[in-house]
Each structure stands twice: as structure tokens, then as C-alpha cells.
Amino acid sequence: MKWEENVRKVTPYVAGEQPKQSNVIKLNTNECPYPPSPAAGEAAKQTDYERLRLYPDMNAEKLVNALAEYYHVKPSQVFAGVGSDDVLALAFMTFFNGEKPVLFPDITYSFYDVWAEVFRIPYRTCPLDENFRIKKEDYFAPNGGIVIPNPNAPTGVFEDIGMFEEIIAANPGSVVIVDEAYVDFGGRSVLPLLEKYENLMVVQTFSKSRALAGLRVGYAIANEKLIGYLKDVKFSFNSYTMNMPAIEMGTAAVLDDAYFKETVGKIVKTREWTKAELSRLGFSFADSMSNFLFVTHKQVPAGRIFAALKENGIYVRHWNRPRIDNYLRITIGTDEQMRALVAFLEKYLQEENND
Ligand SMILES: *Cc1c(COP(=O)(O)O)cnc(C)c1O
């Protein structure tokens, strides 16, 4: 078809499955197994639905102020968006606008290359070493921007902020985005570096540690100049991205710090238990500081285990991609869910061994 010559053709991002059945154990998209803060539920109930005839606050000021206070930065240093995917996509569009390639790891969040393609941003991937660690020297090369998650996904590996400081300091001519979607599960944020470096942008989300993936709230924190450029692009695109209930519920969730810490604490405890159990069953993995484990088994191929788990109603994630096709990414669920996973694997692996 002639008109097809003018179409922007892209290969879209593939998210983990959202199964229709409710009786599955869903450990495939890194959601929180616990409900969001009850305060967020209260805020939803108190939102006056008649007010929905009006446009929302395009600056999401209430939420931005709550985040600024929580992280001890100025409101002008905070940008809120519709999940961190929205924030990251806008940041790619805003800051990765040069001729030189944007750099990110070869094994990482699989949305980065999709955004680079859709916005026609040149990019180059930097291979992780054999232990899935970042080689910082790779990021000392000329580039048009850098984006790295910490902890990385889907490996769960956390890199010390000293390494990030070296990368940021070596690249005063580019914006460095640190995607901290999983930082609350035991890592350390690079936020303190904001005082020293104006080319750093930190992106976080409510989807994992705050149990609000369905609400779609994410945010960026940077110096106010970067945030200003990000806002200019957002207001050139869609001013009213954050809806009223999301602003109200998101704000309530930030204020309920006790619930947040309790939830994260439970997940970290369950993760450590799961690590010990999976080691016992012959799995190995890089040490994870996130709410998931990236595991490989010494005998049974990951693809086979993935299929067996799915057949038995346990959903995890598996990619048919170079270097990681013998790995499974398993989200940390409740204790009960992880006990069911371990019990199934124990039985399954025994049967595999006897064959
Ligand atoms: C989950 C995730 C995100 C985006 O999550 P949102 O739900 O859009 O906030 C961003 N980066 C990484 C590395 C993630 O794993």
C-alpha cells in the first residue's frame, strides 16, 4: 500500500501477561503482592466525583509538593507523570536529542530500545560482564545520553552509587538518567548526587514499592533546569496527563510512610527466604536488591521450567533473547505464594532428575 511508506513502523514493547483467570500465582510483572496504602483508598473515596467535570491540575502540584517534601528537594525539581514509562519516554524525547548514540546496557529494561526506535534516537548497548555487572568504562565513550536502571532489570543487580558518580562526572555533556524503579528494596538512591551534578535525572515509580501499578504514577527528580525542559515538552504534547484521582491517591500514598516501609520490609524478608530456598534447589542468581530474582538452574533449561510453572498456574517471566534465555525472572510474592512456588519446583525438579 502506497500510504504505508509514510507510516512510522515500530516493534512495540512486550509486557508480561495479565492472565484473565484469578486463581494463578502471578509472579511475572514485578507488581506488589500487597494492597496499596489504605490511605490511598480513603483518598479515592473522598474524591468528589462531580469535580471530574473540570480539568485536573496540570502541574499535579499536590503530589509534586508531597514528593518534594519526602525527598527533601524543591517542588521545581520534581516532575510527575503517568507511570515512570511516561516520564522516561518524555525524558528520552527531551534530553536524547543529539547525533551521538545514547548508551544503555545490553541486558536491561526492554523499553529503552523501543523508545529509541520510536523517537529515532541513535543508541548503542554496552554489554554487561559475565556476572551481569556494569562496566563503567563503556560509559566514558562519546555519547548523546545515558540511561541505566539501578538496580538493573531484569537482573536485580545493584551498583554502588560511587560507580554512578564516576559515570555522571565523566559525562558533563550528556544527561544521565538513573531509573530507580526498584531502589526501595534495599538499594541506595543516587538522589544525594543531585547537589553536585546538573546532568543527572532520577526516575522512580509508584508501581512496585508503593503497590500502585494500576494507578499509573511515576516521577522524575533533577535540578530545576532539567525539570523545566521536561515540562516544556510535556506541555507541548498533552498538558493533562495526571488525572484527579491519581493525584489524590498518589499524594495519600506518599504521606503514609509507615505502610510503605512495612510493605517493603515484608517483601525484602520474603526475598531473602526465597533466595535460600532456590539455592537449595540448585538455582543460582546474581544477588538481587529488587523485588524479583533472576535465576538459572544447574540442570534444567529455563524454558522447560517456565512452561511447567505456567501449566500449573504459576506465571513468571522468560525471554528468548541472547545471554538470558536460560534465566527466569521471578517476582517476590507473599510468603504463601513463594512457599507454593518452592513446593512445586521441589517436586518438579525431583521428577526431572528421575527421568
Ligand atoms: C516497571 C519499570 C518501569 C515502569 O514502571 P511504570 O509502571 O511505568 O512506572 C520503569 N523502569 C523499570 C526498570 C521497570 O522495571
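**Exercise 1. State the volume of the largest pocket and describe its lining.**

Solution. The largest pocket holds about 790 Å³ of space. A pocket here is an open set of points on a 1 Å grid over the protein atoms alone, where a 1.4 Å probe fits and protein lies on both sides within 12 Å along at least five of seven lines, and lining residues have an atom within 4 Å of a point; the volume is the space filled by probe spheres set on the points, which are joined across faces, edges and corners. The model is predicted, with local features needing pLDDT of at least 70 and side-chain atom pairs pLDDT 80 or more, while totals for chains, interfaces and linings use all residues. Residues are numbered from 1 along each chain as its sequence is written, and side-chain values use heavy atoms, without hydrogens and water.

Next, the lining comprises 41 residues, of which Tyr-13, Tyr-109, Ser-110, Arg-317 and Arg-329 are the closest to the pocket centre. Helix H3 gives the largest share, 4 residues, helices and strands being DSSP runs (H or I, at least four residues; E, at least two) numbered from the N terminus. By class, the lining has 18 nonpolar, 12 polar and 11 charged residues, where Ala, Val, Leu, Ile, Met, Phe, Trp, Tyr, Cys and Pro count as nonpolar, Asp, Glu, Lys and Arg as charged, and the others, Gly among them, as polar.

**Exercise 2. Explain where the second largest pocket lies with respect to domain 1 and domain 2.**

Solution. The second largest pocket has a volume of about 360 Å³, and among its 24 lining residues Val-14, Ala-15, Arg-317, Trp-319 and Arg-321 are the closest to the centre. Because domain 1 (14-34 + 258-354) and domain 2 (41-256) both contribute to this lining, the pocket lies between them; the domain bounds come from an automatic or database domain assignment. Helix H4 supplies the largest share, 3 residues.

**Exercise 3. Work out which strands stand at the edges of the sheet E9-E10-E12.**

Solution. The order E9-E10-E12 describes an open sheet of 3 strands with antiparallel pairing, two strands being paired if DSSP finds at least two bridges between them. Strands E9 (283-285) and E12 (328-331) each have a single partner strand, so they stand at the edges, and one side of each is left without a neighbour in the sheet. Strand E10 (residues 292-297) pairs with E12 over 4 bridges, and Val-295 stands opposite Leu-328 in E12. Finally, helix H10 (residues 335-354) packs on the sheet and touches E9, E10 and E12, contact meaning heavy atoms within 4.5 Å.

Key:
Axes fitted to C-alpha atoms, helices over the stretch in contact; angles between N-to-C directions.
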